[in-house]
Amino acid sequence: MKKNLRVAWIIGALIVSGLSGFFISLTLHSGDTAPRPSGVTGSVQLIETFHYPSTFVKQLKGDPDAGHKIFNQFCVSCHGNPPVIDIEAPRIHDKKAWKIREKMGMQALMKLTTTGVGAMPARGGCFECSDEQLRETIQYILRESR
């Protein structure tokens with residue numbers, strides 16, 4: 001009987017401890033926003049300090065470096081040199097591999113990218129990317145691989 005009571009107290013203490021930590025965390029982080037640059041007052045557009053693909057892609061509209069940024073967010077895992085996930089995908093800077101693909105033409109490369117090929121998911125995993133952004137990313141890869 002004493003052993004059961006002791007176990008119940010320990011379990012109760014762990015539950016209270018966990019709930020306390022959870023509520024303290026909620027309280028401390030409830031109003032978090034990105035910090036304002038020092039010396040700036042008034043209304044300022046805050047820079048987000050977290051990543052959501054749809055927000056990330058929206059921020060790239062009109063960015064001349066969008067292809068590079070999209071590559072680094074979505075493509076580098078398999079097409080990087082070296083890749084994080086080695087699935088035999090053609091690596092950026094591999095002139096021979098990309099020359100063959102460049103000869104296929106942009107229309108064929110867009111079709112492969114939008115529908116997926118092999119282990120690559122449709123749209124290269126960037127479901128939020130517009131066709132134009134995917135085209136810019138393909139052009140970036142081809143430029144870097146010449």
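This passage walks through the fold, the largest pocket, a surface patch and the salt bridges of a predicted model.

A quick word on ground rules comes first. Residues are numbered from 1 along each chain as its sequence is written, and side-chain values use heavy atoms, with hydrogens and water left out. As the model is predicted, local features need pLDDT of at least 70 and side-chain atom pairs count only at pLDDT 80 or more, while totals for chains, interfaces and linings use all residues.

The overall layout is easy to follow: the protein chain has six helices and zero strands, running α-α-α-α-α-α from the N terminus on. Here helices (H or I, at least four residues) and strands (E, at least two) are DSSP runs, numbered from the N terminus. Of the 146 residues in the chain, 24% are buried. Buried stands for under 20% relative accessible area, exposed for over 50%, and partly exposed for anything in between (1.4 Å probe, protein chains only).

Next comes the empty space. Rolling a probe the size of a water molecule over the atoms shows where such space is left. The largest pocket has a volume of about 550 Å³. Of the 27 residues that line this pocket, H79, W98, T113, V117 and M120 are the closest to its centre. Helix 3 (66–79), helix 4 (95–104), helix 5 (106–115) and helix 6 (131–144) are the elements that give two or more residues to the lining, and helix 3 gives the most, with five. By type, the lining splits into 19 nonpolar, six polar and two charged residues. A pocket, on a 1 Å grid over the protein atoms alone, is an open set of points where a 1.4 Å probe fits, with protein on both sides within 12 Å along at least five of seven lines; lining residues have an atom within 4 Å of a point. Its volume is the space filled by probe spheres set on the points, which are joined across faces, edges and corners. As for the types, Ala, Val, Leu, Ile, Met, Phe, Trp, Tyr, Cys and Pro count as nonpolar, Asp, Glu, Lys and Arg as charged, and the others, Gly among them, as polar.

On the surface, V7, I11, I15, L19, F22, F23 and L26 form a nonpolar patch with about 660 Å² of accessible area together. Such a patch joins nonpolar side chains (Val, Leu, Ile, Met, Phe, Trp, Tyr) within 5 Å, from residues with over 30% relative accessible area and no salt bridge. Areas come from the Shrake-Rupley method with a 1.4 Å probe. One of the patch residues, I15, lies in helix 1 (residues 2–29) and counts as partly exposed at 49% relative accessibility.

Side chains of opposite charge can pair when their charged atoms come close. The structure holds five salt bridges, each a side-chain nitrogen of Lys or Arg within 4 Å of a carboxyl oxygen of Asp or Glu. R123 pairs with D131, the closest N and O atoms being 2.8 Å apart; R123 is buried because its relative accessible area is 19%, whereas D131 is partly exposed at 38%. In helix 6, R135 and E132 are three residues apart, so about one helical turn separates them, and their side chains meet in a salt bridge (3.0 Å, N to O). R91 bridges to D86 at 3.3 Å between the closest N and O atoms.

Helix 6 also holds E144. The C-alpha atoms of E144 and H93 are separated by 5.8 Å, with their positions 51 residues apart along the chain.

Note on methods: Patches are made of residues with over 30% relative accessible area and no salt bridge: like charges are joined within 9 Å, nonpolar side chains (Val, Leu, Ile, Met, Phe, Trp, Tyr) within 5 Å.
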